[in-house]
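Here is a quick walk through one protein model, written for someone who would rather be at the bench. Have a look at the structure first, and then we'll go through it piece by piece.

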Amino acid sequence: MSSTRTATLTLWFCLTCLVGFGMFVMKNKVQSLEKELAQINENIKDDVKTIHVLNAEWSHLNSPERLRELAAKHIALNPVQAEQIINYSALPFDYESDESNRRIAAQKSISNKAEQNRLKKMARAQR
């Protein structure tokens with residue numbers, strides 16, 4: 001009877017030690033995961049702040065007034081005059097020799113572009 005009781009007590013003691021050790025390991029694992037979560041949350045906050053700063057910088061860099069000033073300073077462009085606009089058929093083609101061939105080629109090219117645009121519009125309308 002004594003040996004059965006000793007065996008039972010030893011079994012319970014071993015199970016208690018095993019459960020205690022398991023709880024210790026689990027506690028340490030949870031603490032390390034909480035530290036990792038806190039670090040990830042800090043990284044997210046830093047990234048959000050960085051995104052806000054970058055958005056503010058982007059807004060400043062793309063402000064129309066600033067771009068207009070830079071364009072005026074660095075690009076010497078004037079507004080387009082009506083005399084500068086010509087018809088596509090009036091463009092010279094180096095591979096064509098005479099005027100009639102140029103006009104025919106230009107008309108074909110314009111017709112092809114118009115047909116492509118019409119097909120694109122039809123495809124968009126079908127979607």
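## A polar contact at Ser32

A polar contact here is a pair of N or O atoms within 3.5 Å, and within protein one of them must be able to donate a hydrogen and the other to accept it. Keep in mind that this is a predicted model. With that in hand, take Ser32: its side chain reaches the backbone oxygen of Lys29 at 2.8 Å.

Where does Ser32 sit? It belongs to helix 1. Ser32 also counts as partly exposed, at 36% relative accessibility.

## Overall layout

Stepping back, the protein chain is built from three helices and zero strands. Going along the sequence, that reads as α-α-α. Helix 1 covers residues 2-61, while helix 3 spans residues 99-126.

How much of the chain is buried? Just 3% of the 127 residues count as buried. The chain exposes about 12,000 Å², and carbon and sulfur atoms supply 62% of that area.

## How confident is the model?

The average pLDDT of the protein chain is 85, and 88% of the residues score at least 70. Which helix comes out lowest, and which highest? Confidence is lowest in helix 3, with a mean of 74, and highest in helix 1, at 95.

## A nonpolar patch on the surface

Leu11, Trp12, Leu15 and Leu18 make up a nonpolar patch on the surface. Together, these four residues have about 450 Å² of accessible area.

Leu15 is a handy one to pick out. It lies in helix 1, and its relative accessible area is 39%, so Leu15 is partly exposed. Residues need over 30% relative accessible area to join a patch, and Leu15 clears that mark with its 39%.

## The cysteines

Because a disulfide is a covalent bond between the sulfur atoms of two cysteines, cysteine pairs are the place to look. How many disulfides turn up in the whole structure? A search finds zero. Cys14 is in no disulfide, and the nearest cysteine sulfur to its own, that of Cys17, is 6.5 Å away. Cys17 is likewise in no disulfide, with the sulfur of Cys14 as its nearest at 6.5 Å. The cut-off for a disulfide is 2.5 Å between the sulfur atoms.

Are these two cysteines buried or exposed? Cys14 is partly exposed, with a relative accessible area of 46%. Cys17 counts as partly exposed too, at 39% relative accessibility.

How values were computed. Residues are numbered from 1 along each chain as its sequence is written. This is a predicted model: local features need pLDDT of at least 70, side-chain atom pairs count only at pLDDT 80 or more; totals for chains, interfaces and linings use all residues. Side-chain values use heavy atoms; hydrogens and water are left out. Patches are made of residues with over 30% relative accessible area and no salt bridge: like charges are joined within 9 Å, nonpolar side chains (Val, Leu, Ile, Met, Phe, Trp, Tyr) within 5 Å. Accessible areas come from the Shrake-Rupley method with a 1.4 Å probe; for residues, only the protein chains shown count as cover. A salt bridge is a side-chain nitrogen of Lys or Arg within 4 Å of a carboxyl oxygen of Asp or Glu. Helices (H or I, at least four residues) and strands (E, at least two) are DSSP runs, numbered from the N terminus. Buried means under 20% relative accessible area, exposed over 50%, partly exposed in between (1.4 Å probe, protein chains only). pLDDT is the predictor's confidence in each residue, from 0 to 100.
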